[in-house]
Amino acid sequence: MGYSLPELDIPEVDLSTLLPEGLLREEAAELPEVSELDIMRHYTALSKRNHGVDSGFYPLGSCTMKYNPKINESVARFPGFANIHPLQDEETVQGAMELMYDLQEHLIEITGMDDLTLQPAAGAHGEWTALMMIRAFHEANGDTQRTKVIVPDSAHGTNPASATVAGFDTITVKSDENGLVDLEDLKRVVGDDTAALMLTNPNTLGLFEENILEMAAIIHGVGGKLYYDGANLNAVMSKARPGDMGFDCVHLNLHKTFTGPHGGGGPGSGPVGVKKDLIPFLPKPVLVKTEEGYHFDYNRPQSIGRVKPFYGNFGINVRAYTYIRSMGPDGLKAVTEYAVLNANYMMRRLQPHFDLPYDRHCKHEFVLSGRRQKKLGVRTLDMAKRLLDFGYHPPTIYFPLNVEEGMMIEPTETESKETLDAFIDAMIQIAKEVEETPEIVQQAPHTTVIKRLDETKAARTPVLRYKKA
Amino acid sequence: MKHRYLPMTEQDQKEMLDTIGVSSIDELFSDIPEKVRFQGQYQIKPAKSESSLLKELSQMAAKNADNKAYASFLGAGVYDHYKPIIVDHVISRSEFYTAYTPYQPEISQGELQAIFEFQTMICELTGMDLANSSMYDGGTALAEAGMLAAGHTKRKKLLISGAVNPESQDVVRMYALGQSIEVVQVPTKDGVTDIEALNEMIDDNTAAVLVQYPNFYGQVEDLRKVEAVTHEAKALMVVSSNPLALGILTSPGKLGADIVVGDAQPFGISESFGGPHCGYFAVTNKLMRKVPGRLVGETTDEVGRRGFVLTLQAREQHIRRDKATSNICSNQALNALAASVAMTALGKKGVQEIATQNILKANYAKKAFEAAGFEVVYQGPHFNEIVVNVKTSITALNKELFNKGIIGGFDLGKVDENLEGHALIAVTEQRTKEEIDALVQEMGSFRA
Ligand SMILES: Cc1ncc(COP(=O)(O)O)c(C=O)c1O
């Protein structure tokens, strides 16, 4: 009903003469039948029941919920970027290839690596891609006994999961009392079976791994490779580069640091940068620049192959490129400085009211513990729900796993002091409520369109699709 | 303010530093060891103003042949289809596109319900019991289906039809390599999976048979035959399917598929040089707890109101970590929304009509090619793609066509040496009679 197909300008033929019996669907797919206006009303109503960065503050740790510039959206919709087919002749898509190439050059400089692929679709996909390259590298050296990937206990869940999908066993290394990787534990677990260490730096506590060079020496000393989870790059742009810290490969989350929007969960883009050793193993095709123009090179005998059809999430890469070009070197440096300043400011103002397990300068985010409030019978989950009543998206909660009742707060650089102060006031009020009127917090939220949902019921008797009664 | 995206003022900065108790921002970076501290400035292009950047990038975009300005017959997995105007209006609502994964359901009911509707419509089209909230794309979805099958059956071999999109085949092989799963290609015969060969190759170590419907050559596989062979060997049947074709074709679910995957790009998603598109993943109930990625489920709140949450999360990486069977975290949610809007706009009738138009137009092209003396090599039932034997260099042909305002078909010689000189021609509902006639005529005069 709500559509307008092109006129059928050819003679109609009875379909049954073209599709043998049994191929023609007997029951139509039960899709809606609504007018254009009713569709718009439906989705407008849904959008009103959704909170985005444009709706309000969104300090969701590890996700870098910064402003999504509108120019990015316009550029990605330029007909010359949106309406090009990936299999068009290369001569007809030189502008797109130029953009990809220049984005690669920018990301190589930003990360301090030697080469980079834009093929992976998201962070986790980039992790796995890089691990497959590491695997191919070791195999090419006859090092087939390297079956273990070391991951800190504070790592994001995708790190160990990617290691498994790439065929490695995961070894977990502990954090020390400062929230950093325990060097002694690391020394204990490395060996000639070490394929790689996956590290997030700053780590998921928002702390910079100060012993990074020692760690690099330990891993390289046993012949392993260093993998950098760049989800937190917003914390170190222009301050430290993975390549200079001794890392052999890095993935970036363009949908975080470089404003790709999150889109309600995706699409993202997870490019992987590598040092020289790993270049031969990059996924193919590899984008090269020649005298005649840009070209996709498939002749890469040592390449791990293809991790995704075509060349990655180009539309997201266009947005990231637009962002980088809008910011320039000074802008990106300011991004990191303000992201870190904002986080430290919030951390210090909130410190008297909540437990701060690791009391040192944080980078772009910090993790508070709600254990003080838990003793009063109020859980971090309750406080998160109470924040909804103030119009905020709560922080990431119960992650990383090594903080009890954790609240991971990442303000980003695009928030003003005024916004931060208002959020801090709300948090302080909630801390007070926990002491004085805990039931207000325990029963939150009070103002949302729906109250807490029964997740146990959802999992016990799953209803995953609509069915007519 | 240093930049329009950065609200920090000097006054704010001073007050904040005072609160923290440091005298400069630099002090906050004192934990970065001197040796690794980056000195100086990135050697990248300087910042550009909004207007001049728009100008530069629109010039860059203009170097590409926007295929809406051409008559495009290129398909091979990515298609130029009718995209209802409202799709962009809906996905441009920033409550949707600036949100993260709906981990806080009370303020994410919009996204959750939209995804629930996506799951429902994918189930309807595929004939499956449940579908997830999206995968990166059709290729990785197929690979994950293979991995699921291997894990579920505890078998270590996948048989993949040679008529599956070659790029997807490559991706399946990559994922399989990590999991030490063997991938063996089943030959094709007359443009479809060779059932006799499949029957000989399948054994009790075969986890799944992977086929495409309609297949890479546009041919509609006989899934009944594939099903009989596959289930006889107690392997899973995995079908990669263009969901738009399912508007008219008997659903793979009805024909016994265990897993149906594919890419929803034909529903309202721009070609965008190959991505982002939108993988989908649908299964039967018995595989519910093995599905990769996020699932939205219906439930009720404390006062009994209907609502939606992310559910069965115990499958996922953030809970399972190294025991997870998939590492996917971010998916393609915004494109799942785009596809939902397009599916909703087309609706029950429209999806049949658009699928029918595709078959009819491709059939018209087939007849026109044959009338002009071309050999159309596969004669089975087709969807919107046909293979034409041009007996000449497709590269040279396509250059010539391009000069005439036509983007020619895919050069099959690039993926199969036996198909040198063959073009895979996609004819969607977007192509007019006039454009098809022009294509046939230009190809005729090029050959002559
Ligand atoms: C530290 C870290 N690593 C990896 C990822 C995975 O990235 P993606 O969701 O893009 O796959 C995330 C995402 O939340 C993350 O926070």
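In chain B, 70% of the contacts with a separation of 6 or more are between residues 24 or more positions apart. The model is predicted. Chain B has 448 residues, and 67% of them are buried. Its secondary structure consists of 13 helices and 17 strands. Along the principal axes, the C-alpha atoms of chain B fill a box of roughly 80 × 55 × 50 Å.

**Helix α13 of chain B**

- Helix α13 of chain B covers residues 433–447, and its end C-alpha atoms are 21 Å apart. That agrees with the span of 21 Å that 15 residues should have at 1.5 Å a residue.
- Five names make up the buried set of α13(B): Ile436(B), Leu439(B), Val440(B), Met443(B) and Gly444(B). Viewed down the helix axis, the buried residues of α13(B) fall within an arc of 125°, so they line one face of the helix.
- Glu434(B) and Gln441(B) are exposed on the other side of α13(B).
- The cover over the buried residues of α13(B) includes helices α11 (333–371) and α12 (394–403) of chain B. Strands β14 (385–389), β15 (406–407) and β17 (422–426) of chain B are also included in that cover.

**Where helices of chains A and B meet**

- Helix α1 of chain A (residues 36–48) and helix α5 of chain B (residues 109–126) have axes that come within 7 Å and cross at roughly 135°. The two helices, α1(A) and α5(B), are therefore oblique to each other.
- On the side of α1(A), the residues that meet α5(B) are His42(A), Tyr43(A) and Leu46(A). On the side of α5(B), they are Gly110(B), Gln113(B), Ala114(B) and Glu117(B).
- By type, the residues of the contact between α1(A) and α5(B) are three nonpolar, three polar and one charged.

**Helix α5 of chain A**

- Helix α5 of chain A (residues 123–140) has 18 residues and reaches 26 Å from its first C-alpha to its last. This is close to the 26 Å expected at 1.5 Å a residue.
- Of the 18 residues of α5(A), 16 are buried, so the helix is largely enclosed by the rest of the structure.
- Glu139(A) has its place in this helix, α5 of chain A. Because its relative accessible area is 43%, Glu139(A) is partly exposed.
- Glu139(A) is 39 residues from Asn178(A) in sequence, and their C-alpha atoms are 36 Å apart in space.
- Gly142(A), just after α5(A), takes a positive phi of about 70°.

**Helix α6 of chain A**

- Helix α6 of chain A (residues 158–165) is mostly covered, with seven of its eight residues buried.
- The buried residues in α6(A) are Thr158(A), Asn159(A), Pro160(A), Ala161(A), Ser162(A), Ala163(A) and Val165(A).
- Gly167(A) comes just after α6(A) and takes a positive phi of about 90°.

**Tyr294 of chain A**

- Tyr294(A) lies in strand β9 of chain A, which covers residues 293–297. Tyr294(A) counts as buried because its relative accessibility is 15%, and the cut-off for buried is under 20%.
- Tyr294(A) and Glu90(A) are 204 residues apart in sequence, while their C-alpha atoms are 7.6 Å apart in space.
- With neighbours within four places in sequence left aside, Tyr294(A) is in contact with Glu90(A), Gln94(A), Met97(A), Glu98(A) and Tyr101(A), as well as with Leu287(A), Val288(A) and Lys289(A).

Notes:
Residues numbered from 1 in each chain as written. Chains lettered and ligands numbered in written order. Predicted model: local features only at pLDDT ≥ 70, side-chain atom pairs only at ≥ 80, totals over all residues. Heavy atoms only, no water. Helix = DSSP H or I, 4+ residues; strand = E, 2+ residues; numbered from the N terminus. Expected span 1.5 Å × (residues − 1). Buried < 20%, exposed > 50% of the residue type's maximum accessible area, 1.4 Å probe, protein only. Arc of directions from axis to C-beta. Contact = heavy atoms within 4.5 Å. Axes fitted to C-alpha atoms, helices over the stretch in contact; angles between N-to-C directions. Parallel < 35°, antiparallel > 145°, perpendicular 65-115°, else oblique. Nonpolar A, V, L, I, M, F, W, Y, C, P; charged D, E, K, R; others polar.
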